[in-house]
Amino acid sequence: MTVIGALVLATAGAGCAAEHPNTPKPTAVLAPTVADGVQVFPLVGLADLRFSAATLNAKPGKIRVDFSVADGSASHNFVIPKIPAARTDILGAGASQSVTFTVTAPGDYPVICTLHPNMSATLHVA
């Protein structure tokens, strides 16, 4: 195979890793919507092993995370180790689960996917 042929194949194959068209684009900071006094965050586990937001900005109180896994992604979960109630099951691509918990103390709470050690975010409560 020639160098040009290898480049053509490499370029053509690069499109295979493209995200699903309905996959949200990652954002640095996510503010909640509020429904019946509950702060609601839609958060997605992405195929590139990131959460769709790096920081979830909340106030002390009741919080709900609507966690889903993007189509075409590996399995993920949502876990805040310091808050035992803030944990979803391991979910496959296209699946979703909501988790509701209360945080009373301000601070930064690390968010992880237990399957992917480098996949992290922060729940910032102020």
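**View 1. V40 and its partner in β5.** Start with V40: its bridge partner in β5 is R64. Zoom out a little in this predicted model and you'll see that the two strands, β3 and β5, run parallel to each other, paired over seven bridges. Strand β3 covers residues 38-45 and is mostly tucked away, with seven of its eight residues buried.

**View 2. The other pairing of β3, with β2.** Here β3 meets strand β2, which takes in residues 33-35. This pair is antiparallel and is joined by three bridges. One contact point to look for is V34, whose bridge partner in β3 is Q39. Together β2 and β3 make a hairpin with two residues between the strands, and D36 has a positive phi there, near 55 degrees.

**View 3. T88 in its loop.** T88 sits in the loop between β5 (61-69) and β6 (96-103). Is T88 buried or exposed? T88 counts as buried because its relative accessible area is 3%, while the cut-off for buried is under 20%. As for the company it keeps, setting aside neighbours within four places in sequence, T88 touches F67, N77, F78, Q97 and V99.

**View 4. Residues 1-20, one to read with care.** Over residues 1-20, pLDDT stays under 50. How many contacts beyond four places in sequence does the model have for this stretch? Six. For the protein as a whole, pLDDT averages 86, and 79% of the residues score at least 70.

Key. Residues numbered from 1 in each chain as written. Predicted model: local features only at pLDDT ≥ 70, side-chain atom pairs only at ≥ 80, totals over all residues. Heavy atoms only, no water. pLDDT = per-residue confidence, 0-100. Contact = heavy atoms within 4.5 Å. Helix = DSSP H or I, 4+ residues; strand = E, 2+ residues; numbered from the N terminus. Buried < 20%, exposed > 50% of the residue type's maximum accessible area, 1.4 Å probe, protein only. Pairing = 2+ DSSP bridges.
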